[in-house]
Amino acid sequence: MKKPFIAAALICMSAYAAAHGCPGEMRAIDAKMPSAMLAEADASKVKALRDEGEKLHKSGQHAASMKALGDAKKLLGM
Ligand SMILES: [Cu+2]
């Protein structure tokens, strides 16, 4: 009786993590942006990657989204 419940809970948690990884990255980028000392070209690149990440996330392409957001974080030195 207990085991199926635990399995279901684990499946829910991993789905939760996958669905919420991108917004967490977006929040981290948004928090960092105002204090980031970037050249204008890099700042607009970060913004473009962050927007692309959000679009990909909304269309369900979380792996691609995480990659775009990861590139944005790299430019931010995070
Ligand atoms: Cu996502």
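**Exercises on a three-helix chain**

Leaving aside residues up to four places away in sequence, Leu-76 touches Ile-29, Lys-32, Ala-36 and Val-46. A touch here is a contact: C-beta atoms, placed from the backbone, lie within 7 Å. The model is predicted, so local features need pLDDT of at least 70 and side-chain atom pairs count only at pLDDT 80 or more, while totals for chains, interfaces and linings use all residues. Residues are numbered from 1 along each chain as its sequence is written.

**Exercise 1. Give the secondary structure of the chain and the order of its elements.**

Step 1. Count the elements. The chain has 3 helices and 0 strands. Both are DSSP runs numbered from the N terminus: helices are H or I with at least four residues, strands are E with at least two.

Step 2. Read from the N terminus. The order is α-α-α.

Step 3. Look at contact range. Take the contacts between residues at least 6 apart in sequence; 62% of them join residues at least 24 apart.

**Exercise 2. Describe how H2 and H3 pack.**

Step 1. Choose the descriptors. The angle between the axes and the distance between the axes describe two packed helices.

Step 2. Read both values. The axes of H2 (residues 40-58) and H3 (residues 62-75) come within 8 Å and cross at roughly 160 degrees. Axes are lines fitted to C-alpha atoms, for helices over the stretch in contact; angles run from 0 to 180 degrees between N-to-C directions.

Step 3. Name the orientation. H2 and H3 are therefore roughly antiparallel, the class for angles over 145 degrees.

Step 4. Give the hand. H2 crosses H3 in a left-handed sense: the near helix is turned anticlockwise from the far one by less than a right angle.

Step 5. List the residues of the contact. H2 brings Asp-42, Lys-45, Val-46, Leu-49, Arg-50, Glu-52, Gly-53, Leu-56 and His-57. H3 brings His-62, Ala-64, Ser-65, Ala-68, Leu-69, Asp-71, Ala-72 and Leu-75.

Step 6. Sort them. There are 8 nonpolar, 4 polar and 5 charged residues. Nonpolar covers Ala, Val, Leu, Ile, Met, Phe, Trp, Tyr, Cys and Pro; charged covers Asp, Glu, Lys and Arg; the others, Gly among them, are polar.

**Exercise 3. Place Leu-76 and decide: buried or exposed?**

Step 1. Locate Leu-76. It lies in the segment after H3.

Step 2. Count neighbours. Leu-76 is buried because 20 C-beta neighbours lie inside 10 Å. Buried means 20 or more other C-beta atoms within 10 Å, exposed 12 or fewer, and partly exposed in between.

Step 3. Check a long-range pair. Leu-76 and Met-33 are 43 residues apart along the chain, with C-alpha atoms separated by 7.6 Å.

**Exercise 4. Which residues form the largest nonpolar core?**

Step 1. Name the members. The 8 residues are Cys-22, Ile-29, Val-46, Leu-49, Ala-68, Leu-69, Ala-72 and Leu-76. Such a core is a set of buried Ala, Val, Leu, Ile, Met, Phe, Trp, Tyr and Cys residues joined through C-beta atoms within 7 Å.

Step 2. Assign sources. H1, H2 and H3 each supply at least two residues. H3 gives the most, with 3.

Step 3. Set the core against the chain. Of the 78 residues, 17% count as buried.

**Exercise 5. Classify Ala-28 and Gly-70 by burial.**

Step 1. Ala-28 sits in H1 (residues 2-32). It is partly exposed, with 15 other C-beta atoms within 10 Å.

Step 2. Gly-70 lies in H3. Its 13 C-beta neighbours inside 10 Å make Gly-70 partly exposed.

How values were computed
Parallel < 35°, antiparallel > 145°, perpendicular 65-115°, else oblique. Contact = placed C-beta atoms within 7 Å.
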